[in-house]
Amino acid sequence: MNNTLKELFNLNGRTALVTGGAGYLGTAMCEALAEQGANLIIASRDFSKCEILANRLQNEYPKQVITAMQLDLLDKASIKQCINQITKLDILINNAWSGNKNSFESIDDADWEYDIDMSLNSVFRLVKATQHLLKESKGVILNTASMYGHVAPDYRLYNDEKYTNPPSYGAAKAAVIQFSKYLSSFLAPYGIRVNCISPGPFPFPETQKDDEFMRRLGSKNPLNRIGQPHELKGVVALLCSDASSYMTGQNICVDGGWASW
């Protein structure tokens with residue numbers, strides 16, 4: 001087989017479900033898949049936000065089917081209701097996240113359990129709920145982890161409670177990396193590939209208003225800056241397409257080199 005790069009990256013006719021798809025990073029992921037020709041299901045608890053993005057992308061790519069769906073990953077009934085509406089699925093991106101800022105001193109049982117449920121258990125639930133569809137399509141799973149899933153936050157960076165990184169976040173993301181590797185092994189007999197990405201510093205726009213914190217955050221990696229959402233599009237395009245057909249069980253760091261020194 002002598003496929004061209006254009007053919008390898010082409011997602012025409014494939015359907016992707018992106019959780020947290022209308023969020024800061026999720027929007028760029030959805031844009032990347034839409035540009036490659038994929039049909040999209042953009043899902044989160046905030047249906048109106050998903051609907052706005054779906055309408056925009058549908059206008060830009062009228063030949064594709066781009067829809068919004070309500071999905072609460074902490075509610076098993078909501079997961080079932082969402083997945084029951086899907087008849088074909090080629091790509092699953094587990095990207096949804098929400099949580100509170102906490103230090104080790106301030107975090108309590110409720111916040112710890114919420115973060116583990118949101119960041120880790122939701123991935124387990126959705127893979128379980130969609131596995132029959134992914135087996136039919138010999139599909140792809142892409143999980144969003146974090147640099148803090150494999151390196152520790154520098155306590156000197158977070159001297160303000162407003163920006164503190166909670167211990168539950170890194171613990172959950174480390175488990176997502178391992179779970180992705182596990183799935184890559186045990187779903188391989190069905191032709192399903194599973195990878196994950198570990199974004200580095202991609203602070204929300206509101207956080208970026210703090211110039212001093214941005215300077216400290218950017219100086220932690222060799223590129224000496226924070227990342228922008230569009231800088232995830234390339235790796236998403238790679239890992240969700242046939243361009244990565246011989247890649248599974250991998251964790252790709254998109255962190256400006258954060259973990260390299």
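The paragraphs below go through the nonpolar cores, the aromatic pairs and the salt bridges of this predicted model.

The interior is a convenient place to begin, since in soluble globular proteins nonpolar side chains tend to be buried together. The largest nonpolar core holds 32 residues, and those with the most contacts inside it are Leu17, Ile83, Ile86, Leu92 and Ile141. Two or more residues each come from strand S2 (39-44), helix H4 (76-84), H5, H6 and strand S6 (193-199), and among these elements H5 gives the most, with eight residues. Ile86 can serve as an example of the packing: leaving aside residues up to four places away in sequence, Ile86 touches Leu17, Ile41, Met69 and Leu133. Another core, of 30 residues, lies apart from this one and includes Ala16, Ala32, Leu232 and Val254.

The aromatic rings can be followed next, where a pair is described by the distance of the centres and the angle of the planes. Across the whole structure a search finds seven aromatic pairs. One of them joins Trp97 and Tyr169 in an edge-to-face arrangement, with 5.7 Å centre to centre and 85° between the planes. This pair links distant parts of the chain, as Trp97 sits in the loop between strand S4 (91-94) and helix H5 (109-137) while Tyr169 belongs to helix H6 (residues 167-186), 72 residues apart. Trp97 is partly exposed, with a relative accessible area of 34%, whereas Tyr169, at 17% relative accessibility, counts as buried because the limit for that class is under 20%.

A second pair, Tyr158 with Phe213, is tilted, at 6.1 Å centre to centre and 55° between the planes. Here too distant parts of the chain are linked, Tyr158 lying in the loop between strand S5 (140-144) and H6, and Phe213 in helix H7 (residues 211-218), 55 residues apart. Both Tyr158 and Phe213 are buried, and they form one aromatic cluster together with Tyr148 and Trp258. Elsewhere, Lys135 lies over the face of Tyr190, at 4.1 Å from the ring centre.

Charged side chains complete the account, and the search of the whole structure finds twelve salt bridges. Glu31 forms one with Arg56, the closest N and O atoms being 2.8 Å apart; this bridge connects helix H2 (residues 24-35) to helix H3 (residues 47-60), with the partners 25 residues apart. Within helix H7, Glu212 forms a salt bridge with Arg215, three residues apart, about one turn of the helix. Glu212 is partly exposed, with a relative accessible area of 39%. Finally, salt bridges that share partners join Glu31, Arg56 and Glu60 into one network.

Notes: Residues are numbered from 1 along each chain as its sequence is written. This is a predicted model: local features need pLDDT of at least 70, side-chain atom pairs count only at pLDDT 80 or more; totals for chains, interfaces and linings use all residues. Side-chain values use heavy atoms; hydrogens and water are left out. Rings of Phe, Tyr and Trp (its six-membered ring) pair if their centres lie within 6.5 Å; planes under 30 degrees apart count as stacked, over 60 as edge-to-face and the rest as tilted. Helices (H or I, at least four residues) and strands (E, at least two) are DSSP runs, numbered from the N terminus. Buried means under 20% relative accessible area, exposed over 50%, partly exposed in between (1.4 Å probe, protein chains only). A charge sits over a ring if NZ of Lys or CZ of Arg is within 6 Å of the ring centre and within 35 degrees of the ring normal. A nonpolar core is a set of buried Ala, Val, Leu, Ile, Met, Phe, Trp, Tyr and Cys residues joined through side-chain atoms within 4.5 Å. Contact means heavy atoms within 4.5 Å. A salt bridge is a side-chain nitrogen of Lys or Arg within 4 Å of a carboxyl oxygen of Asp or Glu.
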